[in-house]
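This report describes selected features of the structure shown below. The topics are the nonpolar cores, one pair of packed helices, and a few individual residues.

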Amino acid sequence: MTVDTSTSRKQFLIRSENMTADDFGDLYTRMFGNLYSGLPRPEKPIAIGGVYGRYEGVSFRRLSFHGDLLSAMPDLDDEITFIFPSAGRIVFNQSSDSVGLPSVGLAMEKASVSSVGFIDGHAHHGLSVRRSLFAKRLATLLGRPISHKVRFQSRVDLSNEAFQGIKAIVALATGNEFDLLINSSALMPARLQEMLVDSVLEIWPHNYSDALKRPAPQIAPRHVKLAMDFIQHSIQEQPDVMVSGSDLAELTHVSLRALQDGFRRFVGSSIVAYQREVRLQRAYDALRQDGAQSVSEISLALGFSNVGRFCQYFQNAYGMSPADLRRNLPVTA
């Protein structure tokens, strides 16, 4: 067993030849915190080999299990785990079991999993990513806030070569050859995080895949464009007033249903969600530009009567809180 002992940053890598589950758990707790320390000890001897790393909301692993192991899951952050099995079986217990095999990859929302079992000499490559990192990256790539939680297809066919690209990055990160590079650069962990997040968004199907692959914005019909322009102008003039769908339909001379269908098809959201997106974008700009206004003042001025709910909308849309955005702004002289 070896451990990354770089002094330039926090240790983030465990490398094990053949550790007992207890020893592996103890080392994990020393390096990453006591997330799993309260779980019951395995009833049978288990040996774990491979590599586990964690950095800023992303973890990656290449692990093999000698012996069968069933483990309860602790309360977890809003993370999504992606598994590429190479031997045996892995079973995630939710309302029903989800089984990963060498031909079947899984995307699991950790918060919905009560336990996980490693059976028949299971081995896999895998990674877990905090959902907020996906939201933050999608907001950047699409140039707009994210209206809905990112949801990934739960099962994929690993015979599709595209998925091997994600696995190849995990293999690189967990290989011995990468140690020299990862240990010599304080920037490499962040670069690795970006590679993993981008590769999953590009390859693994999710509810924003079509928007990412769309080569250019679709040209919306005139009534949808009129409604969008009116919403933009209205928020500019009266930022705390929401425009009803009925008023927009009357303004654009179509039925409410036709306008709603047009927004879903060409904008990718409902009329209400689009108005919220525009307000969140205005809030984002205001938070970056006006340090004199508080978060509460900005949210109320834009029609969000509940500041806590506004902060949650903002977190979901941009993958960071309003306070985090301001905290990360560059200091100007």
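## Phenylalanine 314 and the nonpolar cores

Not counting neighbours within four places in sequence, phenylalanine 314 contacts Leu280, Ala283, Tyr284, Leu287, Gly319, Met320, Ser321, Pro322 and Leu325. The model is a predicted one.

Phe314 is also one of the residues with the most contacts inside the largest nonpolar core, which has 48 residues. The others in that group are Phe82, Leu127, Phe134, Phe152 and Trp204. Helix α5, residues 188-203, supplies the largest share of this core, with 6 residues. Another core lies apart from this one and has 24 residues, including Met19, Met31, Leu69 and Val104.

## Packing of helices α7 and α8

Two packed helices are described by the angle between their axes and the distance between the axes. For helix α7 (residues 222-237) and helix α8 (residues 245-252), the angle is about 125° and the axes are 9 Å apart. Angles between 115 and 145 degrees count as oblique, and α7 and α8 are therefore oblique to each other. The crossing of α7 past α8 is right-handed.

On the α7 side, the contact is made by His223, Leu226, Ala227, Phe230 and Ile231. On the α8 side, Leu248, Leu251 and Thr252 take part. By class, the residues of this contact are 6 nonpolar and 2 polar, with no charged residue.

## Positive phi at two non-glycine residues

Which phi does glutamate 56 have, although it is not a glycine? The value is positive, about 45°. Glutamate 56 sits in the loop between β3 (47-55) and β4 (58-66). Its relative accessibility is 55%, and because the cut-off for exposed is over 50%, glutamate 56 counts as exposed.

Aspartate 120 is not a glycine either, and has a positive phi of about 60°. Aspartate 120 is placed in strand β9, which covers residues 115-130.

## Serine 64

Serine 64 is part of strand β4. With a relative accessible area of 22%, serine 64 is partly exposed, since buried means under 20%.

Leaving out residues up to four places away in sequence, serine 64 touches Ala47, Ile48, Gly49, His122 and Ala123. Serine 64 and phenylalanine 118 are separated by 54 residues in sequence, and their C-alpha atoms are 9.1 Å apart in space.

How values were computed: Residues are numbered from 1 along each chain as its sequence is written. This is a predicted model: local features need pLDDT of at least 70, side-chain atom pairs count only at pLDDT 80 or more; totals for chains, interfaces and linings use all residues. Side-chain values use heavy atoms; hydrogens and water are left out. A nonpolar core is a set of buried Ala, Val, Leu, Ile, Met, Phe, Trp, Tyr and Cys residues joined through side-chain atoms within 4.5 Å. Buried means under 20% relative accessible area, exposed over 50%, partly exposed in between (1.4 Å probe, protein chains only). Helices (H or I, at least four residues) and strands (E, at least two) are DSSP runs, numbered from the N terminus. Contact means heavy atoms within 4.5 Å. Axes are lines fitted to C-alpha atoms, for helices over the stretch in contact, and angles run from 0 to 180 degrees between N-to-C directions. Angles under 35 degrees count as roughly parallel, over 145 as roughly antiparallel, 65 to 115 as roughly perpendicular and the rest as oblique. A crossing is left-handed if the near helix is turned anticlockwise from the far one by less than a right angle, and right-handed if clockwise. Ala, Val, Leu, Ile, Met, Phe, Trp, Tyr, Cys and Pro count as nonpolar, Asp, Glu, Lys and Arg as charged, and the others, Gly among them, as polar.
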